[in-house]
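I open this notebook to record what I looked up in the structure shown below. The entries go from the whole chain to a single residue.

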Amino acid sequence: MGFPKRVCIYFFIILIPLFYRWKWNDSSVFISSDPEIKYYQVLNSLAGGSAEECYFPARELGFEVSMIPFGYPWAFFLKNGNCVFQYPVLFTWIQKLILLVVSIKWITYIPIFFFFLNFLLLDRILNKYEKRGIFILLSTIFIQCLTPIFLSSLDYSELTLTNFFLLAAILSYLEFQDKSEFRYGLLLAVAIVFNFQLRPESSIALIIFLGISFVKTQNQISLIKKLIPYILLCIGLQTLFFLWNHDVYGHFLGMRGLNTVTDMESGNLQRDLGREWIADLWGNDFKIGIFKGYPILFLATLPLWWEKKSSIFPFLISGVIFILLLPIISPYRAGVDIFGMRYFESGIYILMIGVFLSLGKKQFKFPVYLLILPLVYFSYKSDTRAIKQWSSSAKLYHQVMDQIDQINPDLIVQRGLSISYLVGYSYVKYPQLAIYSNDDWLKIENQLQNKASRILYLEWEGNQLVNAEFPSAIWKEKFDINFKLNPVKYKIHSEYSLAHFKGSLLEKK
């Protein structure tokens, strides 16, 4: 089977995430939790603001950005007083380029576009070692669709773009070893830097692979001489990003680097490395664990033994090293249940490339394939589990958005930050604030004067901290807020139940 035919099959496969994204968006757009922040970054940038600054529509009513209804881990105030969102601006910049040729209504489909491109890059990487078209097709589909990598196609995030630059770097390095052409050296340098800017953890897997692959290369001196111009280009480009990050965020690694250093210095990160390691790999009460969720990863155990001297060994060993080390070296691997796997995708890509290339060289008897079927089945079940959870979340999300539209308030006020993960598109349509005491509410009353007659007040009774990775001090200060509202110039007109939130519509007396 030739490459064009495989491309057609890959296109039909991405119709699955396209269908679910269309279904979840419904007549609007489905964004909650992390995706909503990334969506606001694009909107703010399109409106003329900078990609990193906080999007705060309530500023038009005269409110200070200090009342923004977002905080850790999404919005931070720098020493100079600027409020910034923590997600990589490179994702915003690239989306803006794409939006030059497509409408903004397609913005949440952009990750699926890069997911499709990743099919093509992965196909070409496998083709460097394997020429059987059917085998390349099946291996690519298995890696993309029956591992945690598939989850990124369903989400509105920078993950598929991060993986795009990971695969581009691997492919360009392999091609450069053979041809040493300028285009491959340039792509390698740019891909490494962009991959690092989008998600530094991903670059750890890439660097481990490139390092081991280089050590295994026979003509090391010749290769390093050819790579020197592109190494210098990589360093120069990365230095420019470092300087920009330091100028904007006050830290060379940007907001995420500053956040990590701040947490470590303040003691906010109380880590239990042993429990975290077990939770990430095998699960706990809040995480499913990558090996339990996707047991197809267990296929890596045997090739590690019989491929020690082969050219694909760097894929196997670097993937395993990254997966086993990540729970220890990275303090942030957030996400409950099946969604706590996204940080491992780079290592899984590298590992599974080695696994399928190794298995393709073996001639197994039919009973062996029967033993593999349960691993494939339970990996598939994890995909369907994620789809069901996202479908349920989308249904709840649109119920909340519809209720808010029916109430049609002039302003929304949240008690603390516990509700911020589900404000979604309503944040674009209705100015919103967060308060932490009744005194904050009275300040709102004085500030508004005659600017808003209908205020929707949202609170979440009984909210609890469920993720041990979340700093408890910040939780108590910004999330665990339980004061009783006592309005002076407003009175409660009606009460509502929005999902697990309590809503009160206040109007002027």
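Before noting the surface, I set down that accessible areas come from the Shrake-Rupley method with a 1.4 Å probe. I also note that this is a predicted model.

Surface. I looked up the exposed area of the protein and found about 22,700 Å². Carbon and sulfur atoms supply 62% of that area.

Confidence. I read an average pLDDT of 88 for the protein, with 93% of the residues scoring at least 70. Among the elements, helix α4 (residues 110–127) has the highest mean pLDDT, 97. Helix α11 (residues 254–266) has the lowest, 66. I remind myself that predicted coordinates should not be read in detail where pLDDT is low.

Overall form. I find 20 helices and 7 strands in the protein. The C-alpha atoms fill a box of roughly 80 × 50 × 45 Å along the principal axes. The radius of gyration is 24 Å, which agrees with the value near 23 Å for a compact globule of 509 residues.

Interior. I note that buried residues make up 56% of the 509 residues. Of the contacts with a separation of 6 or more, 75% join residues 24 or more positions apart.

Charges. I looked up 48 positive and 39 negative charges, whose mean positions are 8 Å apart.

One residue. I then turned to Lys-38, which is found in helix α2 (residues 34–46). Is Lys-38 buried or exposed? Its relative accessibility is 3%, so I enter Lys-38 as buried, the cut-off being under 20%. Beyond its neighbours within four places in sequence, Lys-38 is in contact with Tyr-87, Phe-91, Tyr-156, Ser-157 and Glu-158.

Definitions and conventions
Residues numbered from 1 in each chain as written. Predicted model: local features only at pLDDT ≥ 70, side-chain atom pairs only at ≥ 80, totals over all residues. Heavy atoms only, no water. Helix = DSSP H or I, 4+ residues; strand = E, 2+ residues; numbered from the N terminus. Rg over C-alpha atoms; globule rule 2.2 N^0.38 Å. Buried < 20%, exposed > 50% of the residue type's maximum accessible area, 1.4 Å probe, protein only. Contact = heavy atoms within 4.5 Å. Lys, Arg positive; Asp, Glu negative; His and termini not counted. Charge placed at Lys NZ, Arg CZ, Asp CG, Glu CD. pLDDT = per-residue confidence, 0-100.
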